Amino acid sequence: MSRLIVVSNRVSVAKGRGAAGAQGGLAVAMSAALHKRGGIWFGWSGNEVEQFTGQLTMERVDGFTTATVDLEPHDVEEYYNGYANRTLWPLFHYRIDLAEYENEFGRGYERVNEQFANSLFPLIEKDDVVWVQDYHFLPLGERLRAHGVQNRIGLFLHIPWPPTRLLVSLPHHERLVAAMLRYDVIGFQSVEWLESFLHYCRKEHGAEVDEDSGAVRIGNQSTIARAFPIGIDHAEFMALGETEIARRSQQRLGGSARKRTIAIGVDRLDYSKGLPERIDALERLFSSHDDMVNQLLFVQIAPPSREDVRSYQQIRATLEQKTGQFNGAHSDVDLVPIRYVNRGFGRAELFGFYRAAKIGLVTPLRDGMNLVAKEYVAAQDPEDPGVLILSRFAGAAEQLTDALLVNPHDGGEVARAIWTAMQMPLAERKARWEKLYAVVRDADVIDWADDFLSALVQDPTQPET
Ligand code: GDG
């Protein structure tokens, strides 16, 4: 079997399955794939140095090697905080109003991709397969090709692909996408993002697309573009549910609700997650039903994220103001309707909180997939499952069609969905949950990695095996 080389912005090795640590599914999936095949996980160390040297820090872990490089402060500012998180992230989440087009950001992004390629290419051996993760590295494949790397190289995009009309506002978009065509396989979270990509390639590059194979041809370049919806690590997550920590967290939250129905949201504090809109929907609900303070408790867990970026400082201030105002208007002397918790928890604790909540409120304005929706489903008690309310604009909505699907911009619709969920009879909750759970269980992150890698190693000139 060929070795695997994974490239991602940060390298975060899972400490073993079932550990109640802070790792997400991606760390577990990458560690599992690397453990199985052997190889290298390459990325930024998270450290800054005065002068970039390209010096690699190599460590041997669990059957594979991690290789990390340090970056200069201005690299981090321009490539990471700049182009990745102030240009591509907002644009790809349809927030053209927040996207900043600074020349320095673009130059820093190109420079860091070049530096990464320079450091990485000497490590690549003849039969290695290279798997690049996410929007930080759209041109990395092309840079590796420039070094003569002929190995199979794939890219998986964890975030949405924007509509053509928005993408064309990005300076040099043609060059960026042309560079992507040097990957052998490009994976998207959903058919919708895939279709947006194909539309762009046809319209802006005159590409020919073979819908059956997913082959996209522009001149003599060709790549396979396909949807590979990511999942959670089902076995790892279910094992968390067996822990004492999960049981105690469930009791702690459940016991504190004073017989109110608990609704929960768990999101990085990001403007794409639709948090202020969620409070607006609750406002509608509380204004249109008497005595709601005695019936519903909403718990929003929102660990801070990307705090160096202004739009993230703003969303935090907005949310603090809105929850404060809401609680001021709707609390009683002994009851507060929204608990807004601005910090992270361990994954086993999260499992317990999900299980204590009879409603999972997952209403991003735009999301590549959204794994919280899948974790909420997995954590439910099969005999008394809660109801998932899910935004139509999350990639997960293509798979989780038995959730209550809502438009997160329509506060009235979200409020009605919460009310429906509060009244939903057990039989309907069970019927919906069983279908949702089957999807979460049967398409997990280990299958996702296997599917992507088998598409990547497939030689397109040979029939599929
Ligand atoms: C990107 C795409 C795509 C959250 N709070 C805590 C915590 N979390 C964990 C969740 C979940 C993960 O973080 C969040 O995953 P999401 O999928 O919701 O969102 P992004 O971070 O935006 O991820 C997204 C994903 O990549 C994978 O491809 O689904 O669309 O945007 O696992 O549980 N984990 C811990 N404490 C917390 O307080 N430990």
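## A walk through the helices, salt bridges and loops

Helix 9 and helix 12 sit oblique to each other, a label for angles that are not under 35 degrees (roughly parallel), not over 145 (roughly antiparallel) and not 65 to 115 (roughly perpendicular). Before you start clicking, know that this is a predicted model, where local features need pLDDT of at least 70 and side-chain atom pairs count only at pLDDT 80 or more, while totals for chains, interfaces and linings use all residues. Residues are numbered from 1 along each chain as its sequence is written, and side-chain values use heavy atoms, with hydrogens and water left out.

**Stop 1: helix 9 against helix 12**

Select residues 244–256 for helix 9 and residues 347–356 for helix 12. Helices here are DSSP runs of H or I with at least four residues, strands are runs of E with at least two, and both are numbered from the N terminus. The two axes come within 7 Å and cross at roughly 45 degrees; axes are lines fitted to C-alpha atoms, for helices over the stretch in contact, and angles run from 0 to 180 degrees between N-to-C directions. The crossing of helix 9 and helix 12 is right-handed, meaning that the near helix is turned clockwise from the far one by less than a right angle (anticlockwise would be left-handed).

Now show the side chains in contact (heavy atoms within 4.5 Å). Helix 9 brings I245, A246, S249, Q250, R252, L253 and G254, and helix 12 answers with A348, E349, F351, G352, F353, R355 and A356. Colour them by class and you get 7 nonpolar, 4 polar and 3 charged residues. Nonpolar covers Ala, Val, Leu, Ile, Met, Phe, Trp, Tyr, Cys and Pro, charged covers Asp, Glu, Lys and Arg, and the others, Gly among them, are polar.

**Stop 2: helix 8 joins in**

Keep helix 12 on screen and add helix 8, residues 234–241. At what angle do helix 8 and helix 12 pack? The angle is about 75 degrees, with the axes 8 Å apart, and that makes helix 8 roughly perpendicular to helix 12. Look for E236, F237, M238, L240 and G241 of helix 8 meeting R347, A348, F351 and Y354 of helix 12. By class, this contact has 6 nonpolar, 1 polar and 2 charged residues.

**Stop 3: one aspartate, two partners**

Time for some charges. Side chains of opposite charge can pair when their charged atoms come close. The structure holds 39 salt bridges, each one a side-chain nitrogen of Lys or Arg within 4 Å of a carboxyl oxygen of Asp or Glu. Select D450 with K36, and you will find an N-to-O distance of 3.2 Å. K36 lies in helix 1 (residues 25–37) and D450 in helix 16 (residues 445–457), so this pair ties together parts that are 414 residues apart in sequence.

Next, click R37, which also forms a salt bridge with D450, at 3.3 Å from N to O. R37 is in helix 1 too, so here the parts tied together are 413 residues apart in sequence. Are these side chains buried or exposed? R37 is buried, with a relative accessible area of 17%, whereas K36 is partly exposed at 47% and D450 is partly exposed at 26%. Buried means under 20% relative accessible area, exposed over 50%, and partly exposed in between (1.4 Å probe, protein chains only).

**Stop 4: a charged network**

Jump to E142 and R143, whose closest N and O atoms are 3.4 Å apart in another salt bridge. Salt bridges that share partners join E110, E114, E142, R143 and R175 into one network, so select those five together. R143 counts as buried at 13% relative accessibility, while E142 is partly exposed at 27%.

**Stop 5: two positive phi angles**

Most residues other than glycine have a negative phi, and most peptide bonds are trans. Zoom in on D134, where phi is near 85 degrees, a positive value. D134 lies in the loop between strand 5 (129–133) and helix 4 (140–146) and is buried, at 11% relative accessibility. Then head for R258, with a positive phi near 55 degrees. R258 lies in the loop between helix 9 and strand 11 (261–266) and is partly exposed, with a relative accessible area of 48%.

**Stop 6: E59 and T420**

Select E59 in strand 3 (residues 57–61). What does E59 touch, not counting residues up to four places away in sequence? The answer is F64, T65 and T66. E59 is partly exposed, at 48% relative accessible area. Finish at T420 in helix 14 (residues 411–423), partly exposed at 39%. T420 and V387 are 33 residues apart in sequence, and their C-alpha atoms are 9.4 Å apart in space.
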